[in-house]
Amino acid sequence: PDGWWIGASVAYTRLEPLLETAYPAFARMLQRLGSAQIRNRGTLGGNIANASPIGDTPPVLLALGARLALEGPDGARELPLEAFFLDYKRTALAPGEFIRAIFLPRPAGDRRLEVWKLSKRREDDISAVLGAFAWQEQAGRLHGVRLAFGGMAATPRRAEAAETALEGQPPDA
């Protein structure tokens, strides 16, 4: 009831119906992720495990509060996505461990998501910068603000100081 566990090897095209319903902004961004061939073969698990600072899906997943189910020789464990990326191309995966699934939380009430991708070409291009912004507006104030970026540091990451500055503030230009 809280969301969906998505197998790490599920192709992007198989996710489109779920994302179009739950997170239309995520679904629109996927249309700009590589070519149709890549979307037919590429996966969330692969995009995360690659640990590229300019991967398209990690900032969106960070903004949504995604978690990972990891498995390996020492058993299974769960990890928030923000604890997965340690440094440039370095992850929290232990030797022999792999990503089994990604938890995508169900959107709550009036929670909004917007995704902006900047690249040299409109389609079939890697991101120069990708920003993902999630929030709720209650009584004219921003709550649950989560801002995440790719292409701004050695890892995809949240902009926690900006989140704190926006939390509880009225939205304005």
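In the predicted model, Phe85 has a relative accessibility of 8% and counts as buried, the cut-off for this class being under 20%. Phe84 also counts as buried, at 0% relative accessibility. The two residues form an aromatic pair of edge-to-face geometry, with 5.3 Å from centre to centre and 85 degrees between the planes. A further pair is made by Phe133 and Phe149, whose ring centres are 5.6 Å apart; because their planes stand at 75 degrees, beyond the limit of over 60 degrees, this pair is likewise edge-to-face. The pair of Phe133 and Phe149 links distant parts of the chain, with Phe133 in strand β8 (residues 129–138) and Phe149 in strand β9 (residues 141–150), 16 residues apart. Phe149 is partly exposed, with a relative accessible area of 22%. In total, three aromatic pairs are counted. An aromatic ring is also involved in a contact with a charged group: Arg67 lies over the face of Phe103, at 4.3 Å from the ring centre.

The strands that carry Phe133 and Phe149 are themselves paired. Strands β8 and β9 run antiparallel and are joined by eight bridges. Within this pairing, Phe149 of β9 is the bridge partner of Gly131. The two strands form a hairpin with two residues between them, and Ala139 in the turn adopts a positive phi of about 50 degrees. Strand β9 is also joined to strand β10 (residues 157–158) by two bridges, again in an antiparallel arrangement. Here Ala148 stands opposite Arg158 of β10. The hairpin of β9 and β10 has six residues between the strands, and Gly151 takes a positive phi near 90 degrees.

Leu68 is located in strand β2 (residues 67–72). Its relative accessible area is 0%, so Leu68 is classed as buried. Apart from neighbours within four places in sequence, Leu68 is in contact with Trp5, Ile48, Arg77, Glu78, Leu79, Leu81, Phe84, Ile99, Ala101 and Ile102. One of these partners, Phe84, is the buried residue that forms an aromatic pair with Phe85. The C-alpha atoms of Leu68 and Phe98 are separated by 10.0 Å, the two residues being 30 apart along the chain.

Helix α1 (residues 12–22) contains the buried residues Tyr12, Leu15, Glu16, Leu19 and Ala22. Seen down the axis of α1, these residues fall within an arc of 150 degrees and therefore line one face of the helix. An α-helix has 3.6 residues a turn, so residues three or four places apart point the same way. The face turned away from the buried side of α1 carries Arg14, Pro17 and Thr21, which are exposed. The buried residues of α1 are covered by elements that include strands β1 (3–7) and β6 (98–105), together with helices α2 (24–30), α3 (36–41), α4 (44–49) and α5 (57–64).

Two of the helices that contribute to this cover, α2 and α3, are connected by a loop in which Arg32 is found. With a relative accessible area of 11%, Arg32 is buried. The side chain of Arg32 reaches the backbone oxygen of Lys117 at 3.0 Å.

Methods: Residues are numbered from 1 along each chain as its sequence is written. This is a predicted model: local features need pLDDT of at least 70, side-chain atom pairs count only at pLDDT 80 or more; totals for chains, interfaces and linings use all residues. Side-chain values use heavy atoms; hydrogens and water are left out. Buried means under 20% relative accessible area, exposed over 50%, partly exposed in between (1.4 Å probe, protein chains only). Helices (H or I, at least four residues) and strands (E, at least two) are DSSP runs, numbered from the N terminus. The arc is that of the directions from the helix axis to the C-beta atoms. Contact means heavy atoms within 4.5 Å. A polar contact is a pair of N or O atoms within 3.5 Å; within protein, one must be able to donate a hydrogen and the other to accept it, and residues adjacent in sequence count only if both atoms are side-chain atoms. Rings of Phe, Tyr and Trp (its six-membered ring) pair if their centres lie within 6.5 Å; planes under 30 degrees apart count as stacked, over 60 as edge-to-face and the rest as tilted. A charge sits over a ring if NZ of Lys or CZ of Arg is within 6 Å of the ring centre and within 35 degrees of the ring normal. Two strands pair if DSSP finds at least two bridges between them.
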